[in-house]
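User: I would like to go through a protein model and the ligand bound to it. Please keep the terms plain.

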Amino acid sequence: MKKELKKRTIPGPGSAELIKISGQHEPPCMADQLPVVWDHGEGVWVTDVDGNQYIDFTSGVLVTNLGHSHPHHVEAIQKQAERLMNCYSFPTPERVKLSQRIISLFPSNLDKIFLLTTGAEATEAALRIARRYTGKHEILSFYGGFHGRTYGPMGVAGSKGTRYQFGPPVPGGIMAPYANCYRCIYDKEYPGCDFYCIKQLDRIIDSSSSGDMGAVITEPYQGGAGFIFPPEGWLKELEQWAKKRGLLFIVDEVQSSFGRTGRMFMIEWEGVEPNMLCLGKGFGSGMPASALVGESKIFECMNRGEMSSTTGGNPLASAASWAVLDVLENEKLPQNALKVGDYLFKRLKELQEKHPLLGDVRGKGLVIGLEIVANRELKTPSPELTGKLIFRCGEYGMLLGRVGLHGNVIRIAPPLVITEEEAEMGVSIMDKALTEIENGVQ
Ligand SMILES: Cc1ncc(COP(=O)(O)O)c(C=O)c1O
């Protein structure tokens, strides 16, 4: 679908009016986006209330993997809404069938699933179950890690944004450096480092643990910290280390799953077999749906009725997730993510050669981080220029998000239905915006 994208004023009058009203009722901590009020969407396109069209490189926040309002998804939701929407934890055909189908996609050790509603609910459940099953309260996690905004995940969060001024988190969180090769805390370089950061884990635990360490939780790539991709082999190395130490290995795929990195799940890239796996976001592609997948022997530590969730696995969300799997499989969206992702990555690397503001370009499939720096040599993070670039791209009709511990990483994560032609539109908008910013064009 080819669209003409003209420069527009942000916010348009309709957006400005609604944002003003929203400011009277919603606290500002809810608003960290371009001032654009979305009206409707189709595929990778979003139209705001003023009729401006945008190419969406956010997927919300890596949620709408099928694109906006995919007809098969919409039809499944509509049909289900007419039949039954909620029944608490009574089984329904939709829920039973979905559980069976999703479990069939995992390695055989992952044979049970709790259907839940949000990502934080899934990570919270993983942390609770890890404590109950192991009888130990300490959990290793990573600097920069993000696992949701409730109290359990806060205790294993490695960023100020999640913990700031909330007082003591749930005790037991012990933290280690993630494999952040662009800003390696140990000043090492891959592959010469030989996974030095993994080799340091024993030292970290032996010096900080009370001897009650039960599990390790990690994202396969760090989302909130700035789309940080560990080098190939790191996740496998971590898995082996955890298993050798007798720790449960929990992978938080709330963000990286359902085709985003070019495989249905990111653990597939390295053949990793965690003891528990957290899912969310793309699972419902817009409908609230999440899950905790795990091993029977672990889940059996929870007694009947101890894991209820008011809307988890409701028939509407289950029907929506079923349709998500249909579309991902029928339209080969993980493969498309890989193909268009490779193209986009190559083009963004070319932009990096031309634009000194692009300090680092990293990613896999359709999740790419652009680290914006004021000085490439010194890798000085520039949240100001990041904000400018996002705004300028918005004026030219491209929606982008921002992540990163320093607020200087642009998140590129379009719906997985994007074509190369649409990806190219985004690249040319970014090229134009970068050129204008570098030349001081107001
Ligand atoms: C890796 C990861 N885990 C957990 C969460 C929390 O998900 P939710 O916002 O649905 O609670 C997120 C959300 O960004 C995430 O990226």
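Some questions on the ligand and on one sheet follow.

Analyst: This is a predicted model, where local features need pLDDT of at least 70, side-chain atom pairs count only at pLDDT 80 or more, and totals for chains, interfaces and linings use all residues. Residues are numbered from 1 along each chain as its sequence is written, and side-chain values use heavy atoms, with hydrogens and water left out.

User: Which residue has an N or O atom in its side chain 2.7 Å from a nitrogen atom of the ligand?

Analyst: A polar contact is a pair of N or O atoms within 3.5 Å. An oxygen atom of the ligand is 2.9 Å from a polar backbone atom of Gly119, and an oxygen atom of the ligand is 2.9 Å from a polar side-chain atom of Gln255. The ligand nitrogen has its 2.7 Å pair in the side chain of Asp252.

User: Which strands stand at the edges of the open sheet of four strands, and why is one side of each left without a neighbour?

Analyst: Strands are DSSP runs (E, at least two residues), numbered from the N terminus, and two strands pair if DSSP finds at least two bridges between them. The open sheet has the order 1-2-3-14, with mixed pairing. Each edge strand has a single partner strand, so one side has no neighbour in the sheet; these are strand 1 (38–42) and strand 14 (398–399).

User: What is the bridge partner of Asp56 in strand 14?

Analyst: Strand 3 (residues 53–56) runs parallel to strand 14, and two bridges join them. In strand 14, Asp56 has as its bridge partner Leu399.

Key: A polar contact is a pair of N or O atoms within 3.5 Å; within protein, one must be able to donate a hydrogen and the other to accept it, and residues adjacent in sequence count only if both atoms are side-chain atoms.
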